[in-house]
Amino acid sequence: MSQFLFSTGALWGTPLTDASGNNITNPSPVQFGTLQDCSVDFSFDTKLLHGQKYFAEAVGRGKGKINGKAKFAQINGATLNSLFFGQVMTSGIVNNVYDVIGQAIPATPFTVTVVPPNSGTWAYDLGVRDANGLTMTRVASAPATGQYSVAAGVYTFAAADTGKVVFINYNYTATSTTAKKINIINMPMGYAPSFQADFMLPFSGKFLMLKLANCIGSKFAFATKQDDFTIPEFDFEAFADPAGNVASWSMSE
């Protein structure tokens with residue numbers, strides 16, 4: 001009999017500790033959704049003993065390491081926080097408005113009051129552009145032509161700019177039961193959340209399953225493309241748990 005493997009498989013992470021090293025008593029496993037690829041590398045240092053001849057007379061195995069890498073398309077706040085940051089996650093929206101529609105500056109009192117999505121609240125200004133794509137200058141009060149002032153989401157312009165189309169960008173907050181926000185604080189070095197990784201690869205009625213008992217995320221990266229999906233990359237290192245367990249394999253053959 002022969003066993004073959006195909007496609008990306010499935011990968012889960014089960015949080016074990018938070019960023020402060022506290023055990024998570026009732027962890028919620030999370031799945032790396034729409035997994036694009038996953039790799040796990042086992043490697044060791046080797047020490048060669050040489051005499052007077054070309055080749056080694058003995059080889060000893062030294063330190064070992066396990067590196068994992070996963071690329072996945074589904075962006076999920078619970079996955080990102082529980083497996084990589086391990087800090088406080090709350091519900092709610094913090095988002096930016098990038099205005100590509102624009103609106104004309106009205107006559108007296110020459111103000112535009114923005115209306116954030118999701119019944120949100122204006123938080124801070126991200127600049128105003130005119131119809132020519134030029135950035136307008138923000139001032140404290142009494143704006144002249146090409147300038148504006150803003151307070152609590154009310155943008156005030158110069159009387160001379162009445163009728164000009166402007167594009168207003170800003171940040172806002174809103175309540176939500178599904179959206180997540182994570183506030184990352186500067187933690188002492190050495191602290192990191194840990195998790196158990198489970199990787200399963202089925203094909204043609206057979207399977208391979210790999211469990212890594214203790215892991216820490218080492219890199220999270222994402223890059224955008226003009227006409228393609230964003231595929232984040234998550235790197236992690238595996239090490240022994242308190243009982244000395246590192247990894248376990250299970251396969252059909």
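1. Let's start with Phe 220. In this predicted model, Phe 220 has a relative accessibility of 23% and so counts as partly exposed, since the buried class takes only values under 20% and the exposed class those over 50%. Phe 222 comes out at 58% relative accessibility, and therefore counts as exposed.

2. Those two residues also belong together as a ring pair. A pair of aromatic rings is described by the distance of the centres and the angle of the planes. For Phe 220 and Phe 222 the centres are 6.2 Å apart and the planes meet at 50°, which makes the pair tilted. The count of aromatic pairs comes to 14.

3. Follow the ring pairs a bit further and you get a cluster: Phe 32, Phe 72, Phe 84, Phe 85, Phe 195, Phe 220, Phe 222, Phe 234 and Phe 236 are linked this way. Keep Phe 32 and Phe 234 in mind, as both names come back below.

4. Next, the enclosed space. Rolling a probe the size of a water molecule over the atoms shows where empty space is left. There is 1 cavity of 30 Å³ or more, and the largest cavity holds about 60 Å³. Phe 220 is part of its lining, together with Phe 32, Phe 72, Gln 74, Ile 75, Asn 76, Thr 79, Leu 80, Pro 232 and Phe 234. By type, that lining has 7 nonpolar residues, 3 polar ones and no charged ones.

5. Then there is the open space. The largest pocket contains about 280 Å³. It is lined by 13 residues, and those closest to its centre are Ile 75, Gly 77, Leu 80, Lys 180 and Ile 182. Helix 1 (77-85) and strand 14 (180-182) each give at least two residues to this lining. Here the split is 8 nonpolar, 3 polar and 2 charged. Ile 75 and Leu 80 are worth a second look, since both are also listed in the lining of the largest cavity.

6. What about the nonpolar interior? The largest nonpolar core has 20 residues, and the members that touch the most others are Phe 32, Leu 35, Phe 195, Leu 212, Cys 215 and Phe 234. Two or more residues come from each of strand 4 (58-72), helix 1, strand 15 (194-203), strand 16 (206-221) and strand 17 (233-239). Strand 15 is the biggest giver, with 4 residues. A second core, separate from this one, has 18 residues, among them Tyr 148, Tyr 155, Tyr 170 and Ala 174.

7. Zoom in on Cys 215 and the contacts look like this. Setting aside neighbours within four places in sequence, Cys 215 is in contact with Pro 193, Ser 194, Phe 195 and Ala 197, and also with Phe 236, Glu 237, Ala 238 and Phe 239.

8. Gln 196 sits in strand 15. With neighbours within four places in sequence left out, its contacts are Trp 12, Gly 13, Thr 14 and Leu 16, along with Lys 211, Leu 212 and Ala 213. From Gln 196 to Ile 216 there are 20 residues in sequence and 8.9 Å in space, C-alpha to C-alpha.

9. Last one: where does Ala 142 lie relative to Ile 216? The C-alpha atoms of the two are 54 Å apart in space, with their places 74 residues apart in sequence. Ala 142 is in the loop between strand 10 (137-138) and strand 11 (147-151). At 69% relative accessibility, Ala 142 counts as exposed, because the cut-off for that class is over 50%.

Key. Residues are numbered from 1 along each chain as its sequence is written. This is a predicted model: local features need pLDDT of at least 70, side-chain atom pairs count only at pLDDT 80 or more; totals for chains, interfaces and linings use all residues. Side-chain values use heavy atoms; hydrogens and water are left out. On a 1 Å grid over the protein atoms alone, a cavity is a set of points where a 1.4 Å probe fits but cannot get out, and a pocket is an open set with protein on both sides within 12 Å along at least five of seven lines; lining residues have an atom within 4 Å of a point. Grid points are joined across faces, edges and corners, and a volume is the space filled by probe spheres set on the points. Ala, Val, Leu, Ile, Met, Phe, Trp, Tyr, Cys and Pro count as nonpolar, Asp, Glu, Lys and Arg as charged, and the others, Gly among them, as polar. A nonpolar core is a set of buried Ala, Val, Leu, Ile, Met, Phe, Trp, Tyr and Cys residues joined through side-chain atoms within 4.5 Å. Buried means under 20% relative accessible area, exposed over 50%, partly exposed in between (1.4 Å probe, protein chains only). Contact means heavy atoms within 4.5 Å. Rings of Phe, Tyr and Trp (its six-membered ring) pair if their centres lie within 6.5 Å; planes under 30 degrees apart count as stacked, over 60 as edge-to-face and the rest as tilted.
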